[in-house]
Amino acid sequence: MNGPCQPAQLTAAALPVELEVLAPPPLLLPGEQPEHYQALRQAIFADLVPRSAIEWLLAIDVAELSWEIQRYRMLRHKLLETYRQQAIEAALRRIDLVGIAPDFEEEAAYHTLQNALSWRIDPIAASEIDARLAAYGFDANAINTEVYVQAREILVLFEGLLNAAQTKRMLLLREIRNQRLGRPTR
């Protein structure tokens, strides 16, 4: 069931035409590619080689859950990128807003926000800001800590989603194995 992926194997198990109604088109988010979904699904079908309608239903669910897991990982990565910008902004605030008169705090905070945005989109600005932060003791570990502190609640949400999908996928794979061995399910 599990082994190296060979290109010739990927075409071994195609969803039978009469079972296509069991696998409606995927609901993809903007930026997700139908070809990537189909490649993942085909690789899973080729690996599992379903032999009955029940196994096909289980394999379809395994493919869906596998796609969700990939999606959650990608979204978590993008989330960390966003929170990294906010962590940079927070560190810059600790440096730039010290000693600022209350009358100028709002304008200084605006410029700090702009600097953090520049850090994200301009490699030269990022290098200068990283050097400035390092001069004040904000190394990559300090920024990473800030990222995780800011994102902790949503990271717990993603961890729960990932764990739930992985658990369901493992249960489905176990069910396929049980179907093949003729074992009763619990």
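A salt bridge is taken here as a side-chain nitrogen of Lys or Arg within 4 Å of a carboxyl oxygen of Asp or Glu. In the predicted model, Asp 96 forms such a bridge with Arg 132, and the closest N and O atoms of the two residues are 2.1 Å apart. Asp 96 belongs to helix H2 and Arg 132 to helix H4, so that the pair, 36 residues apart, links distant parts of the chain. Both partners are partly exposed: the relative accessibility of Asp 96 is 22%, and the relative accessible area of Arg 132 is 30%.

A search of the whole structure gives 7 salt bridges. One of them joins Glu 159 to Arg 76, with 3.9 Å between the closest N and O atoms. Because Glu 159 lies in helix H5 and Arg 76 in helix H2, this pair ties together parts that are 83 residues apart in sequence. Glu 159 has a relative accessibility of 39% and counts as partly exposed. Arg 76 is likewise partly exposed, at a relative accessible area of 25%. A further salt bridge is formed by Arg 94 and Glu 146, whose closest N and O atoms are separated by 3.0 Å. Here too the pair links distant parts of the chain, with Arg 94 in helix H2 and Glu 146 in helix H5, 52 residues apart. Arg 94 is partly exposed, with a relative accessible area of 45%, whereas Glu 146 is buried, with a relative accessible area of 16%. In general, side chains of opposite charge can pair when their charged atoms come close.

The nonpolar interior was examined next. The largest nonpolar core has 39 residues, and those with the most contacts inside it are Leu 15, Phe 45, Ile 88, Leu 133 and Ile 143. Two or more residues of this core are given by each of H1, helix H2 (53-96), helix H3 (105-121), helix H4 (123-135) and helix H5 (140-181). H2 supplies the largest share, 17 residues. Nonpolar side chains tend to be buried together in soluble globular proteins. When neighbours within four places in sequence are left aside, Phe 45 is in contact with Ala 13, Leu 15, Pro 50, Trp 56, Ala 59, Ile 60 and Ala 63.

Leu 155, in helix H5, has a relative accessible area of 13% and is therefore buried, the limit being under 20%. Apart from neighbours within four places in sequence, the contacts of Leu 155 are with Arg 76, Leu 79, Leu 80 and Tyr 148. Arg 76 is also the salt-bridge partner of Glu 159. The C-alpha atom of Leu 155 is separated by 19 Å from that of Ile 88, and the two residues are 67 positions apart along the chain.

A buried polar pair is found between helix H2 and the segment before H1. Arg 71 lies in helix H2 and counts as buried, at 15% relative accessibility. Glu 32 is located in the segment before H1 and is also buried, with a relative accessibility of 12%. The side chains of Glu 32 and Arg 71 make a polar contact at 2.7 Å. In addition, the side chain of Arg 71 reaches the backbone oxygen of Leu 27 at 3.1 Å. Not counting residues up to four places away in sequence, Arg 71 touches Leu 27, Leu 28, Leu 29 and Glu 32. On the same basis, Glu 32 touches Leu 27, Trp 67 and Arg 71. Leu 27 thus appears in the contact lists of both Arg 71 and Glu 32.

On the surface, Val 21, Leu 22, Ile 54 and Leu 57 form a nonpolar patch, with a combined accessible area of about 340 Å². Within this patch, Val 21 counts as exposed, at 72% relative accessibility. Val 21 is found in the segment before helix H1 (34-48).

One backbone feature concerns Val 49, which is placed in the loop between H1 and H2. Most residues other than glycine have a negative phi. Phi of Val 49, by contrast, is positive, near 45 degrees. Val 49 counts as partly exposed, with a relative accessibility of 38%.

Notes. Residues numbered from 1 in each chain as written. Predicted model: local features only at pLDDT ≥ 70, side-chain atom pairs only at ≥ 80, totals over all residues. Heavy atoms only, no water. Patch = residues over 30% accessible without salt bridge, like charges linked within 9 Å, V, L, I, M, F, W, Y side chains within 5 Å. Areas by Shrake-Rupley, 256 points an atom, 1.4 Å probe, with all protein chains shown as cover. Helix = DSSP H or I, 4+ residues; strand = E, 2+ residues; numbered from the N terminus. Buried < 20%, exposed > 50% of the residue type's maximum accessible area, 1.4 Å probe, protein only. Core = buried A, V, L, I, M, F, W, Y, C linked by side-chain atoms within 4.5 Å. Contact = heavy atoms within 4.5 Å. Polar contact = N/O pair within 3.5 Å; in protein donor to acceptor, adjacent residues only side chain to side chain.
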